[in-house]
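Welcome! Here are some exercises to help you find your way around a new structure. Try each task yourself before reading the worked solution.

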Amino acid sequence: MDMKATAARTTEVETQHFDVVIVGAGISGVGGAYHLTKQCPDKSFVVLESQDDFGGTWLTHRYPGIRSDSDLYTFGYRFKPWTSAPIATAAEIRKYMGEVIAENDLGRHIRYRHRISSASWSSERKCWTVDATRTDTGEAIRFTANFLWMCQGYYRHSEGYTPQWPGMDRFKGRVVHPQTWPEDLEIAGKRVVVIGSGATAATLVPAIASDCAHVTLLQRSPTFFITGRNANELADMLRELDIPEEWVHEIVRRKILKDQANFTRRSFEEPEKVKQELLSAVRAYLGPDFDVDKHFTPSYRPWRQRIAFIPDGDLFRGIRDGKASVLTDEIEAFTETGLLLKSGATLDADIIVTATGFNLNVLGDIAFTVDGRPLAFSDTVTYRGAMFTGVPNMAWVFGYFRASWTLRADLIADFVCRLLKHMDTRGAVSVTPTLREADEGMHLSPWVDPENFNPGYLMRGLDLLPKQGDRPPWQHAQDYWTEKDELPVADLDDGALVYE
Ligand SMILES: Cc1cc2nc3c(=O)[nH]c(=O)nc-3n(C[C@H](O)[C@H](O)[C@H](O)COP(=O)(O)OP(=O)(O)OC[C@H]3O[C@@H](n4cnc5c(N)ncnc54)[C@H](O)[C@@H]3O)c2cc1C
């Protein structure tokens with residue numbers, strides 16, 4: 001047990017105190033633990049995780065074919081080289097995270113099966129009280145912490161989002177959400193329909209195409225995809241030259257980030273050209289007779305929603321080979337044997353997979369209070385997309401949409417460690433983002449601009465998320481290339497952070 005953690009028995013529950021409580025042992029929480037040990041070695045901390053292992057997203061999702069759609073040179077941490085093919089399976093990502101935990105002795109800080117239900121800030125005691133329940137024993141456990149580092153992701157892990165369609169209860173087959181994929185699901189010889197057109201559907205369809213009788217991807221509207229080899233030529237070449245893996249990681253990261261910045265810029269400046277490039281890659285797989293306009297041409301400009309990477313065009317090859325098909329239509333109702341579509345067509349199925357997304361979950365379904373008052377995050381304004389007005393000593397890791405999540409997890413970790421050290425230097429015990437006099441009455445807008453980026457899970461939950469203002473530091477750039485320069489030098493004494 002950590003030497004600096006003090007334990008005190010009360011009549012009700014045991015209370016343990018740490019300088020920092022990190023919520024979640026996904027890629028952000030494990031990264032946070034690493035940075036804290038390196039940058040603030042004197043701080044005591046614990047990582048509380050409700051599941052029985054680390055991994056977060058990469059543990060929860062167990063559907064066939066589960067893989068990243070970002071390259072691991074940038075989805076991996078900046079401090080630990082990625083040495084395999086860029087697109088990785090969930091198992092490979094967990095192995096990598098496991099190595100980070102083992103190599104840095106982080107395991108002793110992580111408590112699994114601890115579900116946090118509430119967190120209360122006391123201005124009098126200048127600390128958070130965090131109440132958790134052991135998911136295996138039901139035991140209540142209490143922690144107090146000076147600082148709360150929220151690494152709980154952005155969606156509810158226990159269940160995915162499934163819209164309700166008329167007649168769902170009539171369907172005689174099985175309805176499955178990819179987030180809770182049943183271990184016993186037998187697909188051999190079955191007709192499977194996958195509803196959805198996002199990264200999950202695009203991964204799942206080729207992964208099961210050879211094993212089931214037939215799989216149909218049923219989408220309401222098409223999505224952009226980007227195809228390419230699951231290899232990185234630069235990395236392969238550097239390895240041939242015996243360049244050390246640390247260098248390969250850094251050089252390839254920089255190259256990928258430069259290419260991505262270029263792609264993002266082009267998708268705003270010349271969206272039509274980018275669109276045609278993406279579509280011609282799809283046409284190259286599917287041939288001239290396939291109706292790419294209908295099935296793979298979205299109505300929005302590229303990058304308004306995340307663009308999934310299709311390694312080696314596996315989705316399109318499945319369709320070309322007849323093992324999979326794509327239908328663009330809407331569901332009217334479920335029937336006993338499958339689906340009735342708005343066009344009047346019917347689609348028979350034994351298994352219907354609802355790859356329809358997530359339930360946005362603002363800050364881990366934890367009931368927050370500040371001095372006894374329930375906290376509605378939608379009433380707060382974000383400080384650089386990492387902290388919230390009126391909420392002391394708390395940071396949240398929310399990654400990028402258009403770049404790998406972990407790039408931001410690393411940046412926020414640096415920021416939190418810098419802030420903790422700054423507080424120590426100032427002799428401060430609390431820090432609260434607070435609108436300055438000149439900021440009062442500024443125009444507030446949603447957490448993300450729906451015109452800029454608008455996937456369904458965000459739009460469904462936008463009213464739950466904090467607001468952003470019309471000027472720094474009350475904005476949330478969602479842009480790695482801006483933040484990588486701004487965050488490390490953000491002025492911690494600009495008056496927006498109030499210390500006590
Ligand atoms: C299928 C899928 C594929 C994805 N692919 C990519 C990709 O390729 N690239 C990319 O950049 N992003 C991707 N994402 C987004 C992805 O979620 C993030 O990139 C990243 O893995 C999130 O890491 P995290 O640690 O912040 O959160 P999570 O992975 O969500 O982990 C949060 C952890 O916190 C725990 N937790 C939550 N609430 C509580 C509580 N109250 N008490 C205790 N513990 C709690 C959860 O159990 C979980 O283990 C993908 C998402 C999904 C669902």
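**Exercise 1: a loop with a proline**

In which loop does Pro 473 lie?

Solution. Keep in mind from the start that you are looking at a predicted model. Begin with the two helices on either side: helix H12 covers 456-461 and helix H13 covers 480-486. Pro 473 lies in the loop between H12 and H13. Now look at the bond leading into this residue: the peptide bond from Pro 472 to Pro 473 is cis, and its omega is near 0°.

**Exercise 2: the surroundings of the ligand**

Find out which residues come nearest to the ligand, and describe the shell they belong to.

Solution. Step one is to list the nearest residues: of the 32 residues around the ligand, these are Gly 24, Gly 26, Gly 56, Gly 153 and Trp 405. Step two is to sort the shell by character, which gives 10 nonpolar, 18 polar and four charged residues. Step three is to ask where the residues come from. Helix H1 (27-39) and strand E5 (114-122) each supply at least two, and the largest share, three residues, comes from H1.

**Exercise 3: a five-stranded sheet**

Work out the strand order of the open sheet that contains E9, and say which strands stand at its edges.

Solution. Follow the pairing from strand to strand: the order is E8-E17-E9-E10-E13, and the pairing is parallel. The edges are strand E8 (174-176) and strand E13 (324-328), each of which pairs on one side only. From one strand to the next, the twist averages 20°.

Next, check the neighbours of E9. Strand E9 (residues 191-195) runs parallel to strand E17 (residues 351-354), and four bridges join them. Here Ile 195 of E9 stands opposite Thr 354 in E17. Towards E10 there are five bridges, again with parallel strands, and Val 194 has Leu 217 as its bridge partner in E10.

Finally, look at what covers the sheet. Helix H5 (residues 199-209) lies across E9, E10 (214-219), E13 and E17, and runs at about 165° to E10. E10 itself is mostly covered, with five of its six residues buried.

**Exercise 4: a three-stranded sheet**

Explain why one side of strand E14 and one side of strand E16 have no neighbour in their sheet.

Solution. First read off the order: E14-E15-E16 form an open sheet with antiparallel pairing. E14 (331-334) and E16 (346-348) stand at the edges with a single partner strand each, so one side of each is left without a neighbour in the sheet. The twist averages 25° from one strand to the next. For a close-up, take strand E15 (residues 338-341), which pairs with E16 over three bridges. In this pair, Gly 338 stands opposite Asp 348 in E16.

**Exercise 5: side chains along a strand**

Which residues of strand E3 point one way, and which point the other way?

Solution. Start with the general rule: in a regular strand the side chains alternate between the two faces of the sheet. In E3 (residues 45-48), Phe 45 and Val 47 point one way, while Val 46 and Leu 48 point the other way. All of these residues are buried. E3 is joined by four bridges to strand E2 (residues 14-23), and the two run parallel. Leu 48 is the bridge partner of Val 23.

**Exercise 6: positive phi values**

Compare Lys 126 with Asp 242: is each one exposed or partly exposed?

Solution. Take the backbone first. Lys 126 is not a glycine, yet its phi is positive, about 55°. Asp 242 is also a residue other than glycine with a positive phi, near 60°.

Then place the residues. Lys 126 sits in the loop between E5 and strand E6 (127-134), and Asp 242 in the loop between helix H6 (233-240) and helix H7 (245-269).

Last, count neighbours, remembering that a residue with 12 or fewer other C-beta atoms within 10 Å is exposed. Lys 126 has 14 C-beta neighbours inside 10 Å and therefore counts as partly exposed. Asp 242 has 6, so Asp 242 counts as exposed.

How values were computed. Residues are numbered from 1 along each chain as its sequence is written. This is a predicted model: local features need pLDDT of at least 70, side-chain atom pairs count only at pLDDT 80 or more; totals for chains, interfaces and linings use all residues. A residue is near a molecule or strand if its C-beta atom, placed from the backbone, lies within 6 Å of it. Ala, Val, Leu, Ile, Met, Phe, Trp, Tyr, Cys and Pro count as nonpolar, Asp, Glu, Lys and Arg as charged, and the others, Gly among them, as polar. Two strands pair if DSSP finds at least two bridges between them. Axes are lines fitted to C-alpha atoms, for helices over the stretch in contact, and angles run from 0 to 180 degrees between N-to-C directions. Two residues are in contact if their C-beta atoms, placed from the backbone, lie within 7 Å. A residue is buried if 20 or more other C-beta atoms lie within 10 Å of its own, exposed if 12 or fewer, and partly exposed in between; C-beta atoms are placed from the backbone.
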